Amino acid sequence: LAIIAGNGNIPFYLLEECERQGKDYCLIIIEGHGQELANKYKVDFTVSLSKMGKAIKFVKDLEIRDILMVGGINRPSIKNIIPDLWTAKFLAKISTNISGDNSILSNLTKSLENEGFKILAPENIIPSLLCPTGVLGNHKPNTENKKDILDGFKIAKTLGLNDIGQSLVIENGLVLAVEAAEGTDRMIIR
């Protein structure tokens, strides 16, 4: 398993679970990301977002076929990227289809699958990462809350389909905040 990691806590949980399960993995850190992870775990390879071809070659040379991408990535400015050949071809291929982070990640997944890799999700290793169904706290949603949940779900689906963001805050039928480029955590703080 090749784990390509960025920032955040989930990469830590993932590596801990791999070690608990005795699952072999190769840790690849995105340059400028995952420093805390690198302080705790052995990094096998560091890759620039503009040099993904090097990471692909590295993983293929190890005969690894399963890749898992996890953690937050700070989006680089396109003007500061000098891509390797693989990344240049990838960017040229998707240049007319870029509408946001989700489209980039979806296209990257397809491109890696075309290279012969199987892309795994973190929940393939840690199923408990997914939120269980049902009421999570002590308070069950009332009729107003249920309406907000249904309306919020519809709005969130539209946001996702348009690659705007993946979360929102809604109360009494009024959308108070929509995630945009700042990300979910900063939206909540705002």
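This is a brief look at two helices, α1 and α3, in a predicted model.

Start with α1. The helix covers residues 10-21. Two of its residues are worth a look: Ile10 and Leu15.

Ile10 first. Its relative accessibility is 37%, so Ile10 counts as partly exposed. The cut-offs matter here: buried is under 20%, exposed is over 50%, and partly exposed is in between. Ile10 also belongs to a nonpolar patch on the surface. Its partners there are Tyr13 and Leu129. Together the three have about 240 Å² of accessible area.

Now Leu15, also in α1. Buried or exposed? Buried, with a relative accessible area of 0%. What does Leu15 touch, leaving aside residues up to four places away in sequence? The list is Ile3, Tyr25, Leu27, Leu37 and Tyr41. There is also a long-range pair to point out. Leu15 and Ile125 are 110 residues apart along the chain, and their C-alpha atoms are separated by 9.6 Å.

On to α3, residues 52-61. Which of its residues are buried? Met52, Gly53, Ala55, Ile56 and Val59. Look down the helix axis: these buried residues fall within an arc of 160 degrees, so they line one face of α3. The general rule is helpful here. An α-helix has 3.6 residues a turn, so residues three or four places apart point the same way.

Then turn to the face of α3 directed away from that buried side. It carries the exposed residues Lys54, Lys57 and Asp61.

Last, the end of the helix. Just after α3 comes Glu63, with a positive phi of about 60 degrees.

Terms used
Residues are numbered from 1 along each chain as its sequence is written. This is a predicted model: local features need pLDDT of at least 70, side-chain atom pairs count only at pLDDT 80 or more; totals for chains, interfaces and linings use all residues. Side-chain values use heavy atoms; hydrogens and water are left out. Patches are made of residues with over 30% relative accessible area and no salt bridge: like charges are joined within 9 Å, nonpolar side chains (Val, Leu, Ile, Met, Phe, Trp, Tyr) within 5 Å. Accessible areas come from the Shrake-Rupley method with a 1.4 Å probe; for residues, only the protein chains shown count as cover. A salt bridge is a side-chain nitrogen of Lys or Arg within 4 Å of a carboxyl oxygen of Asp or Glu. Helices (H or I, at least four residues) and strands (E, at least two) are DSSP runs, numbered from the N terminus. Buried means under 20% relative accessible area, exposed over 50%, partly exposed in between (1.4 Å probe, protein chains only). Contact means heavy atoms within 4.5 Å. The arc is that of the directions from the helix axis to the C-beta atoms.
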